[in-house]
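Let's walk through this one together, question by question. Have the sequence and the 3D view open, and we'll go from single residue pairs up to whole chains.

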Amino acid sequence: MDIQLEIRDLTVAIDEVEILHGINLTVPKGEVHAIMGPNGSGKSTLSQAIFGHPKYAITGGSINFKGQDIVALAPDKRANLGLFLAFQSPNAVPGVKISTFLKQAVNARRRATDPDAKVLKIREYRELLEGTMDTLHMKREFADRYLNDGFSGGEKKKSEILQMAVLNPDIAVVDEIDSGLDVDALRVVAAGINTLREQNQMGVLIITHYPRILKYIEPDAVHIMMDGNIVNSGDKSLAHKIEEQGYDWLRA
Amino acid sequence: MADTNKQGGIFSGLDRETFEHRNQSDYATAAQRGITESLVRKISANKNEPDWMLDIRLEGLRLFQEKPLPTWGPDLSKLNFDEIIYYAAPDEIVEGNKSWEDVPTDVKETFERLGIPEAERKVLAGVGAQYESETVYHRLREEWESLGVIFEDMDIAVQRYPEIVQKYFMKKCVPPSDHKFAALHAAVWSGGTFLYVPAGVKVTQPLQAYFRMNAKNMGQFEHTLMIIEEGAEAHYIEGCSAPKYGANSLHAGCVEIFVKKSGHFRYSSVENWSADTYNLNTKRSIVEEDGHMEWVGGNMGSGVTMLYPCSILIGRRAHADHLGIAFAGAGQIQDTGAKVFHSASETTSNIVMKSLSKDGGASIYRGLIQVASHANDVVSNVKCDALILDDHSKSDTVPQMKIQNNTASIAHEASAGRISTEDIFYLQTRGLTEDEATAMVVNGFIEPIVKELPLEYAVEMNRLIELEMEGSVG
């Protein structure tokens, strides 16, 4: 069976207030889907709920991935099945180097895939990390920095893309990655995502307010979310229409 | 055992179950409880000490009986001086685990998980009398000895180097009159380490106390005396995470360090005492002109800890660094900090303290920076950060500044925080379990201190934290 992230009738509440009212969405591996919507429409709630953030209670529906409903799984179990969430504004973890952290993450993923997998040798890991950084045109010193500690907005996004590339997920959810980026940084980030998409058939769910990023990463499908519902779906022309007309025409 | 494993972390369970309970009755059979003049005289006679040392002991006893308990800091009222075994002669000690085979399987497994080399495991389990690596350390000692370095058991140093010991021992640095526990220490001290580094000698390898850990009869009142002569350099490391045998519930050690002109000394220690211990340790150094003193310390374990390494900067441009980590778990009070006396001009100090509290533990930073009126252009930076791992644990900061010279530049920065749900969630989305994520945040928090430790200690410290974090959340 083809790998896909399949969300069915998903309802999500924060502090017993329902935010998402029954989301249906399927993202197959190899495809790029975009969720667009104005602020407060529930886009980021969806991304956090997919990964099991403790603040977001799933009150109904299912999230299926690789043959199982992942709703009851801990966030790390979901990740180790092959999902990745690129954060809009990731927290800093002072004192922990990117390279140290990613090594543990890579090994956790390997263990989850194959319980008998050996821990990567230092040399193997270095080849993986440095090879990936070269592909992404990143300076190797970057991996010696403490995770997101004192990073600019652009550096945080690069850090997310590096982690994504090293962990090589089947499906990545990319949450407002373009916010606060200048055009150059946006190009770097988009190139990283496109490379993974082409090389590894990574599926992508892009969550964005603005259509700008979709000029750099071409979507196969665009979904519009408003007030906790997906109100419209279409191809990339839908993104053009949003760019020209905004969201108001979708309001009843 | 199973219960303490889960609740208090594997290592603390190891202390409680293995190192106290199992040996308590054995240890207590022959030795006397409580302190008397005859006991003090017996200690001195057993060790065949010169009269001047007996005089220090008797003076200590007199002062101990006179002085009240400290009225500040943690409650010490439950400490019963009559219940404590202050000294056990070698023939009064009943050995615990005689051989590696007698050590319980779960303890062995814990050592394996910690990655402690087998030789060291045996020491930790109290069966290290035949410590295989001892010859290695002996060889190193010969190398130092040819340079005039003396690195010796404190009891032996009293016999072999009485003129040096008498000149420094509990005189200027920590006199018996200093406080009640210094007085007690003077009366009953036993064992410890003596280090003398002659002028100009730079000992590049860290001096480790491993060889000393085998010594039988290493009491809980050990004395450490270190003299770093002019222009000399050394780094001393005291045993890492060594759970102690014996039922004594009081540890009152004393460390005296003299750093002479342009000398450079680093003292690193990781203390991990059993959970019912009162760890009331006195550590102090006197630093002369252009001298450099560094304290690097990790405190885990013990019930109540009161420990404030102190640097007295008496020469121009003398400098002190204090780096420390305190970890307070269930039922523990870690009252630790640093004291620096700036008694000369252009002296500088840098204090970085990190504390962790978990499972209801309390970490208190208690510090003192004092600048004498005649000391100009003093610079001192203090930074203490607390990480509180759950809702029922505590942290507090009690900084004291006595600045009598207005050219001083003093900075104090303190922070207290909790591990956020967002941090943990972020790391979990990368495939780390909740426990692994917590351990990673904690290890990052203490990284500035741990990176100052030698590699093998740093690794062990990190592993210890990971074990402490297991099952701590959710």
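Q: In strand 12 of chain B, what is the bridge partner of B:Val287?
A: A quick word first: this is a predicted model. Strand 9 of chain B and strand 12 (residues 310-313) of chain B pair in the parallel sense, over 4 bridges. Within strand 12 of chain B, the residue bridged to B:Val287 is B:Leu313.

Q: Which residue in strand 11 of chain B stands opposite B:Asn281?
A: Strand 11 (residues 304-307) of chain B also pairs with strand 9 of chain B, in the parallel sense and over 4 bridges. Look along strand 11 of chain B, and the residue opposite B:Asn281 is B:Leu307.

Q: How many bridges join strand 7 of chain B to strand 9 of chain B?
A: One pair to find on screen is B:Cys254 with its bridge partner in strand 9 of chain B, B:Thr282. Strand 7 covers residues 254-259 of chain B and runs parallel to strand 9 of chain B, and the number of bridges joining them is 6.

Q: Which residue in strand 9 of chain B does B:Leu250 stand opposite?
A: B:Leu250 belongs to strand 6 (residues 250-251) of chain B, which pairs with strand 9 of chain B in the parallel sense over 2 bridges. Its opposite number in strand 9 of chain B is B:Tyr278.

Q: How many of the residues of strand 9 of chain B are buried?
A: Take the two faces in turn. On one side, B:Tyr278, B:Leu280, B:Thr282, B:Arg284 and B:Ile286 are buried, and on the other so are B:Asn279, B:Asn281, B:Lys283, B:Ser285 and B:Val287. Both faces are therefore covered, and for strand 9 (residues 278-287) of chain B the buried count is 10 of 10.

Q: What percentage of the residues of chain B count as buried?
A: Chain B as a whole holds 14 helices and 19 strands. Among its contacts with a separation of 6 or more, 84% are between residues 24 or more positions apart. Of its 474 residues, the share that counts as buried is 53%.

Q: Which strands stand at the edges of the open sheet of chain A with the order 2-1-4-5?
A: This sheet has 4 strands with antiparallel pairing. An edge strand here has a single partner strand, so one side of it is left without a neighbour in the sheet. That describes strand 2 (17-28) and strand 5 (68-69) of chain A.

Q: Which residue in strand 2 of chain A does A:Thr11 stand opposite?
A: Strand 1 (residues 4-14) of chain A is joined to strand 2 of chain A by 9 bridges, and the two run antiparallel. Opposite A:Thr11, in strand 2 of chain A, is A:His21.

Q: How far apart are the end C-alpha atoms of helix 3 of chain A?
A: Helix 3 spans residues 98-113 of chain A, which makes 16 residues. At 1.5 Å a residue, the expected span is 22 Å. The model agrees, because the end C-alpha atoms are separated by 22 Å.

Q: Which helix of chain B do the buried residues of helix 3 of chain A pack against?
A: The buried residues of helix 3 of chain A include A:Ile98, A:Phe101 and A:Leu102. Within chain A, the buried residues pack against helix 2 (75-80), helix 4 (122-135) and helix 5 (153-167). From chain B, the packing partner is helix 13 (434-450).

Q: Which helix gives the largest share of the side of chain A that touches chain B?
A: In total, 24 residues of chain A are in contact with 21 residues of chain B. Helix 2, helix 3 and helix 5 of chain A each give two or more residues to this side. The largest share, 6 residues, comes from helix 3 of chain A.

Conventions:
Residues are numbered from 1 along each chain as its sequence is written. Chains are lettered from A and ligands numbered from 1 in the order in which they are written. This is a predicted model: local features need pLDDT of at least 70, side-chain atom pairs count only at pLDDT 80 or more; totals for chains, interfaces and linings use all residues. The expected span of a helix is 1.5 Å times one less than its number of residues. A residue is buried if 20 or more other C-beta atoms lie within 10 Å of its own, exposed if 12 or fewer, and partly exposed in between; C-beta atoms are placed from the backbone. Two residues are in contact if their C-beta atoms, placed from the backbone, lie within 7 Å. Two strands pair if DSSP finds at least two bridges between them.
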